[in-house]
Amino acid sequence: MASDRINYARNNSGDIKVVVVRTAYSDAYVNGAKLAAEQINQRSDKLLGRHLRLDIRPADKDGFVGSRNKILNIAADPKVVAVLGHDSSSVAIPASVFYEECKLIFICSFATAQSFTRHDFRYIFRMVPSNPVLADQTTNIAETFGYKKMVVLHARDNLNRELA
């Protein structure tokens, strides 16, 4: 899969295809991607002289198990240059392994688990800080306002325990 993607990229023709994974809560995110693509495509030089084409796909509701076939499908398409989305860490972390192996750029929209970027992959990026960074920032804000005590309410799962 990776060699097909590299060969297609070297051909340097056709649209630049980016998959955007839409969730129930990502309308603003998807609209931002659409706006960026529209603005890029209106420029005379486009993006490296080529049109940017978004392929917007709905996210599956059953976590990674429900998303696995969609992730494999995306990774198997040599025309796909990047994936935006997979907002849950439980989907983003295993998806990152597939995308890295296929040399597919993956920009995760909202996953905060520290382990998402712990592997030092070359093609995987996050848009929001990890849980430990968020916890440090929360502590700094509390100190700035002079708070001495703080309570964190969280769900009893590994991702939320990491933040707490």
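Is Arg 57 buried or exposed? Arg 57 is buried, at 18% relative accessible area. The points below take up this residue and the rest of the model, which is predicted.

1. **Overall make-up.** The protein chain has six helices and five strands. Along the sequence they follow the pattern α-β-α-β-α-β-α-β-β-α-α. Of the 164 residues, 33% count as buried.

2. **The Arg 57 network.** Arg 57 pairs with Asp 55 in a salt bridge, N to O at 2.8 Å. Asp 55 is buried too, with a relative accessible area of 17%. Both count as buried because the cut-off is under 20%. The pair belongs to a wider network of salt bridges that links Lys 17, Asp 55, Arg 57 and Asp 77.

3. **A long-range pair.** The model holds six salt bridges. One of them joins the side chains of Arg 53 and Asp 15, at 3.6 Å from N to O. This pair connects distant parts of the chain, 38 residues apart. Arg 53 sits in strand 2 (residues 52-58), and Asp 15 in the loop between helix 1 (2-11) and strand 1 (16-22). Arg 53 is partly exposed at 36% relative accessible area. Asp 15 is partly exposed as well, at 32%.

4. **Asp 45 and Arg 43.** These two residues also form a salt bridge, with the closest N and O atoms 3.3 Å apart. Asp 45 is partly exposed, at 46% relative accessibility. Arg 43 is partly exposed, at 40%.

5. **Helix 3.** This helix covers residues 63-76, which makes 14 residues. What span should it have at 1.5 Å a residue? The expected value is 20 Å, and the end C-alpha atoms lie 20 Å apart, so the two agree. The helix still carries a kink of about 35 degrees, centred on Asn 69. Its buried residues are Ser 67, Lys 70, Ile 71, Ile 74 and Ala 75. Note Lys 70 in that list.

6. **Cysteines.** How many disulfides does the model contain? The count is zero. A pair would need its sulfur atoms within 2.5 Å. Cys 102 is buried, at 5% relative accessibility. Cys 108 is buried at 1%.

7. **A nonpolar surface patch.** Ile 141, Phe 145 and Tyr 147 together make a nonpolar patch of about 380 Å² on the surface. Ile 141 lies in helix 5 (residues 131-144). Its relative accessible area is 47%, so Ile 141 is partly exposed. That value passes the patch cut-off, because members need over 30%.

How values were computed
Residues numbered from 1 in each chain as written. Predicted model: local features only at pLDDT ≥ 70, side-chain atom pairs only at ≥ 80, totals over all residues. Heavy atoms only, no water. Patch = residues over 30% accessible without salt bridge, like charges linked within 9 Å, V, L, I, M, F, W, Y side chains within 5 Å. Areas by Shrake-Rupley, 256 points an atom, 1.4 Å probe, with all protein chains shown as cover. Salt bridge = Lys/Arg side-chain N within 4 Å of Asp/Glu carboxyl O. Helix = DSSP H or I, 4+ residues; strand = E, 2+ residues; numbered from the N terminus. Buried < 20%, exposed > 50% of the residue type's maximum accessible area, 1.4 Å probe, protein only. Expected span 1.5 Å × (residues − 1). Bend = angle between axes of the 7 residues up to and from the residue.
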